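Visitor: Got a minute to walk me through this one? I'd like to start with charges and then wander.
Guide: Sure, have a look first.
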Amino acid sequence: MDDRQAQNFWPPLAAGAGLGLALLGMFLFTGHGLGANGFFTRTAVWLSDMANPVWAEANAYFKPYLAKGHPLDEWISWEIVGVAVRLVLALGGGVLTGFGAPLARGCTSGLGLSGGAVLAVAAFVFLIAFFAAGLLLSALTRRLWQ
Amino acid sequence: MNFPLENSGMLAVLVAGFFFGYFLDVSGLGSPRKLTAQFTLRDWSVFKVMFTAIVVAAAGLWLFDVIGWLRFDALKIQTTFFWAMTIGGALLGAGMAIGGYCPGTSVVGLFTGRVDALVFMLGMLIGTTLFAANFKALQGIYMAAQGPKGQTLAALTGLPTWLILLSLAGLAGLAFAGFRLGAWFENRDGGAISAKELSE
């Protein structure tokens, strides 16, 4: 492990205040909040277009994204080998997240955090479901994290 | 002053993105063990960081609005689609409980050298493609129970402007009670996971 990781984490209140100020600045400059999921949707669109352009361009959800162009980065590597439980769970969690975020029209940052900052009802509906499901499911997986 | 500046240029996004990633990283939320420990109630960092960020940003926006420097109606405020957001939120909660990440923290995890973050991202690409493939069949759920356009908690409750301040103070009070409860759970289970413990 490198030195950076051995440093202590910031207290949650300080880090949260910093994150809140970054969010505030983003709203003041752009009029919207921050989101992380857009990049993954763009990448999924781009990969689908590479693999099966006819299907991707006919798809009702992907089509508007294709008109916006392709993601700049191509850093996703496919060299994933391993059967460790941790990786299978990471993949499964990723699939749920990849399905859930476009359904909810945003992710933890884009809808939960950014929507929360403008006190959108939508954000609090999302956050309540997010924490409720997480609490419920962690009861089944918690021993994997000991 | 006339905020927002409607400047969605590369620089604004890059600077905000930098601070976003930086504060997630220094709070330890790039670690799947800290994220999943929230849901076992051992480590309340996710709740504390998110709630503090929401209250700070909301209070700042409110302040700018009161001074008259902000056109609040020019901000992006999401419209509620109750079932899509309930099911989607639950899927992200389940995804984080199982996979250890959300979209934003998986990026932080990857850049601090975690392979499982990359696998999580691969899963997200599969999930999003599955969503798109079934987009027509999902239309019913996707559009169900649509709320008023850009509805805020203030609009929902019908509170006048001066009461918005009180509701913010109430949120802060709730957060404080949440922190106290969180600290009690943390101490019961051996305290928050420190960086030192993760590097051992």
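Visitor: Which residue forms a salt bridge with B:Lys34?
Guide: That's B:Asp43, and the closest N and O atoms of the two are 2.9 Å apart. A salt bridge here is a side-chain nitrogen of Lys or Arg within 4 Å of a carboxyl oxygen of Asp or Glu. This is a predicted model, with side-chain atom pairs counted only at pLDDT 80 or more and local features needing at least 70, while totals for chains, interfaces and linings use all residues. Residues are numbered from 1 along each chain as its sequence is written, chains are lettered from A in the order written, and side-chain values use heavy atoms, without hydrogens and water.

Visitor: And how many salt bridges over all chains?
Guide: Just 1.

Visitor: Are B:Lys34 and B:Asp43 buried or exposed?
Guide: Both are buried, meaning under 20% relative accessible area with a 1.4 Å probe, protein chains only.

Visitor: New topic: how much space lies in the largest cavity?
Guide: About 140 Å³. A cavity is a set of points on a 1 Å grid over the protein atoms alone where a 1.4 Å probe fits but cannot get out, and lining residues have an atom within 4 Å of a point. Volume is the space filled by probe spheres set on points joined across faces, edges and corners.

Visitor: Which lining residues are closest to its centre?
Guide: Of the 15 that line the largest cavity, A:Thr108, B:Leu24, B:Met50, B:Cys102 and B:Thr105.

Key. On a 1 Å grid over the protein atoms alone, a cavity is a set of points where a 1.4 Å probe fits but cannot get out, and a pocket is an open set with protein on both sides within 12 Å along at least five of seven lines; lining residues have an atom within 4 Å of a point. Buried means under 20% relative accessible area, exposed over 50%, partly exposed in between (1.4 Å probe, protein chains only).
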